[in-house]
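Visitor: Could you take me through one helix of this model, up close? I would like to see how its two sides differ and what lies around it.

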Amino acid sequence: MSWKNILKTHCGGSNEKMDCGCAKCREKTNKALIGNQKRIDVAKPKGKITRADFDKLRDEKKAMKSDAQIEKEILAEIKKEGGALGMKNLKAIAPPKELKRILDAMKRKKLIFMHKDGDIYTHSPR
């Protein structure tokens, strides 16, 4: 049986929507969140995903810096320090996981070079 048929027959074959208010519809729509759906329920955690949850997630995403912005800030910080710096100078730019991911990408693009002791350079260390 397809989902289309299931949705049509939820109220004895009527073509009403799932929010008609009958006991059968309430049972189907008021199930607990499963899996990673709990991560979405952030605005007002009450076991339901609402528009407010999606609005809050969208606002958080807009507030995050893009990779290009973070790269520019890293390069500016290295230039400000004279072409070389340690990781402690970059802690304020982005969260550690995000910073590591972007630094690895910059290494692959050969924008930065890493010294064996952990220092970061804009030129190849000798």
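Guide: Happy to; here is a walk around helix α5 and its surroundings. Please keep in mind that this is a predicted model. Helix α5 covers residues 67-80. With 14 residues at 1.5 Å a residue, α5 should span 20 Å, and its end C-alpha atoms are indeed 20 Å apart, so the expected and modelled spans agree.

Now for the sides of the helix. Ile70, Glu71, Ile74, Glu77 and Ile78 are the buried residues to look for in α5. Looking down the axis of α5, you will find its buried residues within an arc of 130°, which means that they line one face of the helix. Turn to the face pointing away from that buried side and you meet the exposed residues Lys72, Lys79 and Lys80.

What sits over the buried residues? Their cover includes β1 (84-85), α6 (96-108) and β3 (120-121).

One residue of the buried face leads us further inside. Ile74, together with Leu90 and Leu103, touches the most other members of the largest nonpolar core, which has 13 residues. Two or more residues of this core come from each of α5 and α6, and α6 contributes the most, with four. As a general point, nonpolar side chains in soluble globular proteins tend to be buried together.

Leu90 is worth a stop as well: setting aside residues up to four places away in sequence, Leu90 touches Ile74, Glu77, Leu85, Leu99, Leu103 and Ile120. Ile74 and Glu77 in that list are among the buried residues of α5.

Finally, follow the chain out of the helix: after α5 comes Gly82, with a positive phi near 95°.

Methods:
Residues are numbered from 1 along each chain as its sequence is written. This is a predicted model: local features need pLDDT of at least 70, side-chain atom pairs count only at pLDDT 80 or more; totals for chains, interfaces and linings use all residues. Side-chain values use heavy atoms; hydrogens and water are left out. The expected span of a helix is 1.5 Å times one less than its number of residues. Buried means under 20% relative accessible area, exposed over 50%, partly exposed in between (1.4 Å probe, protein chains only). The arc is that of the directions from the helix axis to the C-beta atoms. Contact means heavy atoms within 4.5 Å. A nonpolar core is a set of buried Ala, Val, Leu, Ile, Met, Phe, Trp, Tyr and Cys residues joined through side-chain atoms within 4.5 Å.
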